[in-house]
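Colleague: I should like to request a close look at a single part of this structure, namely its aromatic rings. Please explain it in terms that a first-year student can follow.

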Amino acid sequence: MRHGAKPEIIEFAARDGFRLNLHHFPGRRAGHGEPVIVLHGAGVRANLFLPPVEETFVDALLDAGYDVWLLNWRASIDLRPNEWTLQDAAVLDHPAAVRTVLDRTGAKSAKAVIHCQGSTSFMMSAVAGLLPEITTVVSNAVALHPIVPRLAYLKSRYVTNSVGRFMTYLNPQWGLSAPRGWPTLIDWFVRATHHECNNPVCKHSSFTFGAGFPTLWRHENLDDDVHEWLKGEFAHVPMSFFREMHDCIAAGVLVSNGKYPELPRVFDAQAPKTEARFVFLGGEFNQCFVPESQQRTFDFFDRHTPGRHAFYELSGYGHLDVFVGKNAARDNFPLIIDELRRN
Ligand SMILES: [Zn+2]
């Protein structure tokens, strides 16, 4: 990281009391500048945006004059393991996180950059009208319409209906040390089927999140240090999430189970209750959620407010390499910053 700043860590409670935190990198403008909240995906953590590269996404946001807030929401591996769902995060975490940032900064509004399941859960919250202070959202990989490669769908159905019944979590760390029983069997299966590299956590993350070789990035887009660093960035993901996502993939759109009256049952069945501008990014070679996922959510927003939103297919990119790829600072960060500035 070029700025080399240590973040200020701000703990706060979600609506149900679950302890979350924000990693705050203060902007360098007087009054710190406009806040941007950045959300990681499932089974990772805020640190995902700080790979060992010269120019991280946080550097790019600081250079652009923003006040940067990386959220550890309940899917974070830095927090107590818990059987979360996207709906829980949408209702309990994200509105509390936005409120915390606005209270601490005195700002009236904030922007957000959201990745993968940080994106799906934040989008649930936004379209349900729970985030009225958010003015611009840049979403990567998937938003309201999760579409996965066919093989990944079949695998998801198999895992959720079979071994998933006997386990509470899947964990890419099993590549380094697998407890006896199902984890050992899964590790054996991953070793037998994945020969794309020598990083066991990389291979397990491919198995955990899809059916690609690899699923979450293109190896040619990562430098060796980042590929090695990823070993420490992926851990437990609860089956409660995989079951919920499986239902959403089967429906072709995010759906809720009625647990929270704040949320619609089908997230694209009514007009979105948000005034924010949305920018959807999808990697051309994303093996986790195909870029058509983002195209569909863009089409939904464009139908309701034509000409206001944007969709970009990122040529040559996969999923997480959009943020941690060796050329991400050159290829993707300027686009994201430009879109954050436009309003
Ligand atoms: Zn690998």
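Modeller: The following account examines the aromatic pairs, one ring after another. Please note that the model is a predicted one. A pair of aromatic rings is described by two quantities, the distance of the centres and the angle of the planes. Across the model, the count comes to 16 aromatic pairs. In one of them, the ring centres of tryptophan 73 and tryptophan 84 are 5.4 Å apart and the planes stand at 70°; planes over 60 degrees apart count as edge-to-face, so this pair is edge-to-face. Tryptophan 73 lies in the loop between S4 and H2, and tryptophan 84 lies in the loop between S4 and H2 as well, eleven residues apart.

Tryptophan 84 also forms an aromatic pair with phenylalanine 241, and this one is stacked, with 4.9 Å from centre to centre and 25° between the planes. Phenylalanine 241 belongs to helix H8 (residues 239–251), whereas tryptophan 84 is in the loop between S4 and H2, so the pair ties together parts that are 157 residues apart in sequence.

The next point is exposure to the surroundings. Tryptophan 84 has a relative accessibility of 2% and therefore counts as buried, the cut-off being under 20%. Phenylalanine 241 is likewise buried, with a relative accessible area of 2%. Tryptophan 73 is buried too.

These three residues belong to a wider group: ring pairs link Trp73, Trp84 and Phe241 with Phe209, Trp217, Phe234 and Phe242 into a cluster.

A further ring has a charge as its partner. The charged end of lysine 155 sits over the ring of phenylalanine 207, at 4.3 Å from the centre of that ring.

Methods
Residues numbered from 1 in each chain as written. Predicted model: local features only at pLDDT ≥ 70, side-chain atom pairs only at ≥ 80, totals over all residues. Heavy atoms only, no water. Phe/Tyr/Trp six-rings, centres within 6.5 Å; stacked < 30°, edge-to-face > 60°. Helix = DSSP H or I, 4+ residues; strand = E, 2+ residues; numbered from the N terminus. Buried < 20%, exposed > 50% of the residue type's maximum accessible area, 1.4 Å probe, protein only. Lys NZ or Arg CZ within 6 Å of the ring centre and 35° of its normal.
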